[in-house]
Amino acid sequence: MIKLPVRRMAELESVGAYRIGLNESYRSLPSVYLAFMTIWFVSACSWTFNTYKNRHLQTNNLQWTLASVPLIKALQLTLSFLFWYSCFHLQICSLWMSFGMYVTGVIFQTASFVSFLLISHGYCIMCERLSVTERRTTASLGCVFYLTLVGYKASVPYFSVLLLLSYFISFYVIFHHISQNLLVLRHQLSFIDDEDIHAMHDAVYTKYTMFKKFQGAMQIVAVAEAVIYISMDDSSENYWIRLLIREWAQFCIFVYIGWTFRSRDLAPRFSVMPTLKSKLVVPPIYSIEMDAETFRDFTKHEWHIGVVSNRNTI
């Protein structure tokens, strides 16, 4: 056993389990972590139950993917609570507990950004699954973000610059795809209004509203991340207040995004989507009525033409 001063959880780099001289400014941390652990755990259970209950209403692969984010966050907060509780009440801090806090924190941030990338691509909104290129891009950005975040947390030289670059690329990709999807949906809405196709209007408008809300949420995330890393303060004084503000902001953002993309009874044709996104514009479909004699003389084989009878379609 050795005596070491308590530093912030991301800066604990000692080995084994050790007794420490406690800084009283950290005494509120167990209560803060316990409160947020409870909140995130209840949120994770509610999200999972709602997704399972409404599984028949829509294709909810996206919702099951998003369910992992609050579960990872709840695990991180559980480890944080146990670590600080044992420090103050048992006078022993475990290396493995602090390492678990560190790893789950990095995984949570990575899973969050991967989820944002999936939503921005329109996964289960604009298409049933991503193309090979989109999957590779998402996986590559996730791996790069994870590695740069690990290096930054470990105080490796120059990794703060690499993390800043990783943030910039990730946000650029997210906002670029959101803008593309909004442009496509606006064109679809204009076409629906011009052709007077009211059956698809509610479904397309719902998707458009989702992406607009998500775009606003991602702008808030970008500003929040910038404020956190620009105004980084290593002092222990009032650290629990800064932690409280950061956790509340994080929770509110995820509640807003989760509520927007939750499983629910959507517009009737919301789930009508292509398997993969396509850059081709589908031409309008018209119905033409003609008698049998005119139909026999009609030789435009490029068109898909049929005559509907009472028994079948020719």
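The following paragraphs describe the secondary structure, annotated segments, salt bridges, surface patches and selected residues of a predicted model.

In this predicted model, local features require a pLDDT of at least 70 and side-chain atom pairs count only at pLDDT 80 or more, whereas totals for chains, interfaces and linings use all residues. Residues are numbered from 1 along each chain as its sequence is written, and side-chain values rest on heavy atoms, with hydrogens and water left out.

The protein chain contains 9 helices and 4 strands, where helices (H or I, at least four residues) and strands (E, at least two) are DSSP runs numbered from the N terminus. Read from the N terminus, the order of elements is β-β-β-α-α-α-β-α-α-α-α-α-α. Of the 314 residues in the chain, 39% are classed as buried; buried denotes under 20% relative accessible area, exposed over 50%, and partly exposed the range in between (1.4 Å probe, protein chains only).

An unreviewed UniProt entry places the feature "transmembrane region" at residues 32-52, 64-86, 106-125 and 158-178. Such positions are given in the numbering used here, with shortened feature names, and the annotations may be inferred rather than shown by experiment. In the model, residues 32-52 are 100% helix and 0% strand, with the end C-alpha atoms 30 Å apart. For residues 106-125 the helix content is 80% and the strand content 0%, and the end C-alpha atoms are separated by 28 Å.

A search of the whole structure yields 2 salt bridges, defined as a side-chain nitrogen of Lys or Arg within 4 Å of a carboxyl oxygen of Asp or Glu. Glu 247 pairs with Lys 73, the closest N and O atoms lying 3.2 Å apart. Because Glu 247 belongs to helix H8 (residues 239-260) and Lys 73 to helix H3 (residues 68-89), this pair ties together parts that are 174 residues apart in sequence. Both Glu 247 and Lys 73 are buried, the relative accessible area of Glu 247 being 3%. Glu 247 also forms a salt bridge with Arg 246, for which the closest N and O atoms are 3.6 Å apart. Arg 246 is partly exposed, at 31% relative accessible area. Lys 73, Arg 246 and Glu 247 are thus linked in a network of salt bridges.

Surface patches comprise residues with over 30% relative accessible area and no salt bridge, like charges being joined within 9 Å and nonpolar side chains (Val, Leu, Ile, Met, Phe, Trp, Tyr) within 5 Å. Accessible areas come from the Shrake-Rupley method with a 1.4 Å probe, and for residues only the protein chains shown count as cover. Leu 165, Phe 168, Ile 169 and Tyr 172 make up a nonpolar surface patch of about 450 Å². Tyr 172 is located in helix H6 and is exposed, with a relative accessibility of 53%. A patch of negative charge is formed on the surface by Asp 193, Asp 194, Glu 195 and Asp 196. Asp 193 is likewise part of helix H6, which covers residues 159-195. Lys and Arg count as positive and Asp and Glu as negative, while His and the chain ends are not counted; each charge is placed at NZ of Lys, CZ of Arg, CG of Asp or CD of Glu.

Two residues of helix H7 were also examined. His 201 lies in helix H7 and is partly exposed, with a relative accessible area of 26%. The C-alpha atoms of His 201 and Phe 191 are 9.8 Å apart, at a sequence separation of 10 residues. Phe 214 also lies in helix H7, which spans residues 201-230, and is buried at 1% relative accessible area. Between Phe 214 and Ser 120, 94 residues apart in sequence, the C-alpha to C-alpha distance is 8.3 Å.
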